[in-house]
Structure formats: structure tokens, C-alpha cells
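Please look over the structure below before reading on. Some questions about its sheet, rings and cysteines come after it.

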There are 2 protein chains.
Amino acid sequence: VDLLKEMIVRKGKVLNSNVLKVDSFINHQMDPVLMYEMGKVFADHFRKQNITKVVTIESSGIAPGIMTALALKVPCVFARKKKPLTLNEELLTTTVYSFTKKEENEISISQKFIDEQDCVLIIDDFLAHGEAALGLAKLTEQAGATVAGIGIVIEKAFQGGRKKLVDAGYEVKSLARIKSLSNSTVEFVEELELEEAAI
Amino acid sequence: VDLLKEMIVRKGKVLNSNVLKVDSFINHQMDPVLMYEMGKVFADHFRKQNITKVVTIESSGIAPGIMTALALKVPCVFARKKKPLTLNEELLTTTVYSFTKKEENEISISQKFIDEQDCVLIIDDFLAHGEAALGLAKLTEQAGATVAGIGIVIEKAFQGGRKKLVDAGYEVKSLARIKSLSNSTVEFVEELELEEAAI
């Protein structure tokens with residue numbers, strides 16, 4: 001996790017006060033060793049909850065999702081942003097609002113891959129306003145399964161997604177929490193602030 | 001690889017004589033342990049060629065791609081089917097014809113992630129008519145890099161993609177080669193036939 005923060009500082013690019021570009025190691029070019037290390041951290045954090053399935057969303061959730069699934073030795077399912085062509089099956093669907101693109105998108109997972117027995121760990125690369133993670137939680141609950149928690153690689157803590165997820169009753173584990181991207185600088189939420197907030 | 005063939009027989013669904021559905025372990029729900037084992041096979045096969053980068057295409061190429069990259073300890077880049085929103089950089093682009101969807105699609109990779117020094121291993125989940133793999137090879141060569149070879153999880157050998165790739169000078173390594181999907185049955189290319197073809 002310290003390695004992740006170090007790479008964010010060294011290789012991330014602050015495009016403006018809302019956008020951090022990490023396409024050289026997270027979501028276009030990907031560092032597989034870092035991904036696996038992060039997957040192990042998520043797995044260790046949530047292992048006690050007897051996760052049966054990792055659920056994520058294409059495309060940039062797939063790498064952290066499958067590495068977490070590898071560490072837990074459970075299957076990983078990714079939600080699709082487009083409907084599959086060979087559509088002869090029941091789908092779980094919901095809509096997700098994208099603040100970046102300012103549009104509603106439908107996401108879906110085949111119903112046969114999640115059921116009431118499942119205890120699901122949701123994984124995604126970014127947490128901003130929380131819409132994607134909430135959508136994945138909705139799909140999981142539509143199937144009657146339990147959401148064990150939500151694992152996020154990079155949380156933009158200034159955009160309020162965590163509050164939305166915690167208010168909805170979900171545990172959120174982020175590997176890097178960014179407090180601000182102002183002045184072209186990445187400022188992380190300090191551990192001390194985290195401890196104070198917990199008191 | 002025997003495990004892959006076994007899973008294809010046990011869990012794959014032959015929809016018609018052209019379409020094999022493997023969405024329960026390869027391209028919607030994914031088996032991470034199988035993916036990693038397959039990644040190791042690709043890595044071992046191509047390791048001697050000093051691969052510096054794995055290149056694949058979203059979304060279903062990402063899992064086998066990053067597992068191969070993990071086994072080789074090199075970065076993995078996935079080509080995008082849509083242009084990124086934060087478009088302030090040079091892109092390598094080419095068009096890929098989809099026989100399934102009967103349309104041309106543009107795919108792209110940021111130029112900064114492949115250069116002349118790179119020796120690229122291309123990975124994808126399916127080989128049918130070879131269009132996607134050829135497109136990835138084109139992007140690689142646009143960047144001045146070398147294509148070390150192409151690793152495919154499932155080859156539909158009856159659709160001619162291999163010949164196109166071999167004629168273009170690329171080595172193709174497929175983990176499962178399917179000779180026919182007629183009569184709702186998966187028939188693999190036999191090793192003996194492979195040896196005879198090589199004489």
C-alpha cells in the first residue's frame with residue numbers, strides 16, 4: 001500500500017483538482033506485481049467474512065478484481081457496461097450515473113453467477129462519488145446475496161463516495177485515500193486524521 | 001491446459017456451430033487460478049524471447065493478459081475500444097473488423113506505453129478470424145516495437161485466424177484448439193494431427 005502511494009506520487013498525473021491520471025500503472029498500462037500485492041491486501045482484510053465471490057466492473061476493475069480473487073481462490077465476475085450479444089439469459093441490471101460523462105449507464109451481470117448463498121466482495125479501481133460501487137452492491141442484493149464489503153484502490157476522499165457507501169451500510173477499505181488534488185499536488189488523508197475520525 | 005480443455009467440455013456451452021460460450025470461467029465469471037495457470041504456460045512458452053510487455057484488448061483479454069504479465073513480471077497494456085475522455089496525448093490506433101457484430105471498430109493504445117525497445121507478447125481470450133490479434137500486432141508495429149508472438153486461450157481452428165497470423169509472420173500459441181462445434185459438440189484438434197501438419 002505504501003508502494004501504491006509512492007507510485008501515485010511518482011507516476012500519477014494531476015490533470016485538474018478532480019482528476020488524477022494513473023494510466024501508466026493502474027488503468028491502461030498495468031503493473032501486475034503491484035496489482036497482486038493489492039489483491040492480497042484486500043483478501044487479507046476481508047478473508048474472515050468467508051467471501052465466495054469477487055464482483056467488479058469492466059474494464060479497469062478487472063485487474064484488481066481478479067488479483068483479489070486469486071488471493072482468495074474464489075471466482076471473479078465483472079459487470080458489463082454493454083449487454084452481451086448472445087442474450088438468452090436472465091440479467092441483473094441497474095443504472096449508474098457517471099459524473100465524468102454526465103450520463104446514466106446500464107450495467108449488468110448474468111443472474112446465474114450470483115445467488116443467495118454468495119458473500120460478495122466488491123472491488124474497483126476508483127471511488128469518487130460512489131455510484132459504480134453502489135450499482136454493484138445493488139446487483140449483488142438483487143440476487144439475494146450479501147455484500148461483505150467494498151475494496152477500492154484509490155479513493156478521492158473529497159468527492160463524498162465513502163459517506164454514501166457507509167451510510168448504505170457497507171464497509172469500505174481503500175488502499176490510498178486522497179484528500180486533495182489542488183495545486184497540481186496529491187495530498188493523502190493522514191493516518192492520524194483517520195484515527196481521530198474513528199474516535 | 002488439460003484443465004482448460006476439461007472445463008471447456010464440462011462448463012462450455014455450444015450455442016451454434018460457430019459460437020462457444022465460456023462465460024462461466026473465462027469471459028464474464030472468471031476462474032482466477034485457471035487464469036494464472038494459463039498465464040504461466042504463456043510465460044514459459046515465450047520467456048526466451050525476452051518479453052518486455054504484454055499487450056491485450058479490453059475487456060476479456062485483461063484477465064489472461066495480466067496473469068501472463070504477472071508470470072513474466074512485465075507490464076500489461078490493454079487496447080481500448082473507446083477513446084479515453086482525457087485525450088491530451090498521442091494514440092496508436094487501427095480498425096478491427098468484428099465478424100460477430102459485422103462492424104469496424106477503432107482500437108487504441110497510448111503511444112507512450114510502447115516504444116522501439118519493446119518486445120511484445122500479444123494475449124487474447126479467443127482467436128476466430130484473427131482480426132483483433134492482427135490489430136494488436138499493427139499497433140505494436142506502429143510503435144516500432146517487435147511482436148514476439150501471440151498467445152490465445154481458445155482458438156476456433158475452423159475459422160482461419162491462425163493462418164492469417166502465421167502468414168503475417170507471427171508465432172501463435174493456443175492453449176485449446178477447437179476443430180469443430182458441429183452437432184453441439186466440442187471437438188479439439190488432436191495432437192497427432194498437429195504433429196502431422198508439422199511434417
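The questions and answers that follow concern a predicted model.

Q: In what order do the strands of the seven-stranded open sheet run?
A: The pairing in this open sheet is mixed. Strands of chain A and one strand labelled β3(B) take part. The order is β11(A)-β10(A)-β9(A)-β8(A)-β4(A)-β5(A)-β3(B).

Q: Which strands stand at the edges of that sheet?
A: A strand at the edge has a single partner strand, so one side of it is left without a neighbour in the sheet. This applies to residues 187-188 of chain A and to residues 29-30 of chain B. The edge strands are β11 of chain A and β3 of chain B.

Q: Which residue of β11(A) is the bridge partner of S180(A)?
A: Strand β10 of chain A covers residues 172-180. Two bridges join β10 to β11(A), and the two strands run antiparallel. The bridge partner of S180(A) in β11(A) is E187(A).

Q: What angle does helix α2 of chain A make with β9(A)?
A: Helix α2 spans residues 32-46 of chain A and packs on the sheet. The strands touched by α2 are β8, β9 and β10 of chain A. The direction of α2 makes an angle with that of β9(A) of about 140°.

Q: At what angle to β8(A) does helix α4 of chain A run?
A: Helix α4 is formed by residues 131-142 of chain A. This helix lies across β4, β5, β8 and β9 of chain A. Its angle to β8(A) is about 165°.

Q: How many aromatic pairs does the structure hold, over all chains?
A: In chain A, Y97(A) and F99(A) form an edge-to-face pair, 5.0 Å centre to centre with 85° between the planes. In chain B, Y97(B) and F99(B) form an edge-to-face pair, also at 5.0 Å and 85°. Over all chains, the number of aromatic pairs is two.

Q: Are Y97(A) and F99(A) buried, partly exposed or exposed?
A: Buried requires under 20% relative accessible area and exposed requires over 50%. Y97(A) has 30%, and F99(A) has 38%. Both values fall between the two limits, so Y97(A) and F99(A) are partly exposed.

Q: Which residue of chain A lies over the face of F188(A)?
A: The distance from the ring centre of F188(A) is 5.6 Å. In chain B, K5(B) lies over the face of F188(B) at 5.5 Å from the ring centre. In chain A, the residue over F188(A) is K5(A).

Q: How many disulfides does the structure hold, over all chains?
A: A disulfide is a covalent bond between the sulfur atoms of two cysteines. The sulfur of C119(A) has its closest cysteine sulfur in C76(A), 15 Å away, which is too far for a bond. For C119(B) the closest cysteine sulfur is in C76(B), again at 15 Å and too far for a bond. The number of disulfides over all chains is zero.

Q: Is E155(B) buried or exposed?
A: E155(B) lies in strand β9 of chain B, residues 146-156. Leaving aside residues up to four places away in sequence, E155(B) touches L127(B), R162(B), S174(B), A176(B), R177(B) and I178(B). The relative accessible area of E155(B) is 1%, so E155(B) is buried.

Definitions and conventions:
Residues are numbered from 1 along each chain as its sequence is written. Chains are lettered from A and ligands numbered from 1 in the order in which they are written. This is a predicted model: local features need pLDDT of at least 70, side-chain atom pairs count only at pLDDT 80 or more; totals for chains, interfaces and linings use all residues. Side-chain values use heavy atoms; hydrogens and water are left out. Two strands pair if DSSP finds at least two bridges between them. Helices (H or I, at least four residues) and strands (E, at least two) are DSSP runs, numbered from the N terminus. Contact means heavy atoms within 4.5 Å. Axes are lines fitted to C-alpha atoms, for helices over the stretch in contact, and angles run from 0 to 180 degrees between N-to-C directions. Rings of Phe, Tyr and Trp (its six-membered ring) pair if their centres lie within 6.5 Å; planes under 30 degrees apart count as stacked, over 60 as edge-to-face and the rest as tilted. Buried means under 20% relative accessible area, exposed over 50%, partly exposed in between (1.4 Å probe, protein chains only). A charge sits over a ring if NZ of Lys or CZ of Arg is within 6 Å of the ring centre and within 35 degrees of the ring normal. A disulfide is a pair of cysteine sulfur atoms within 2.5 Å.
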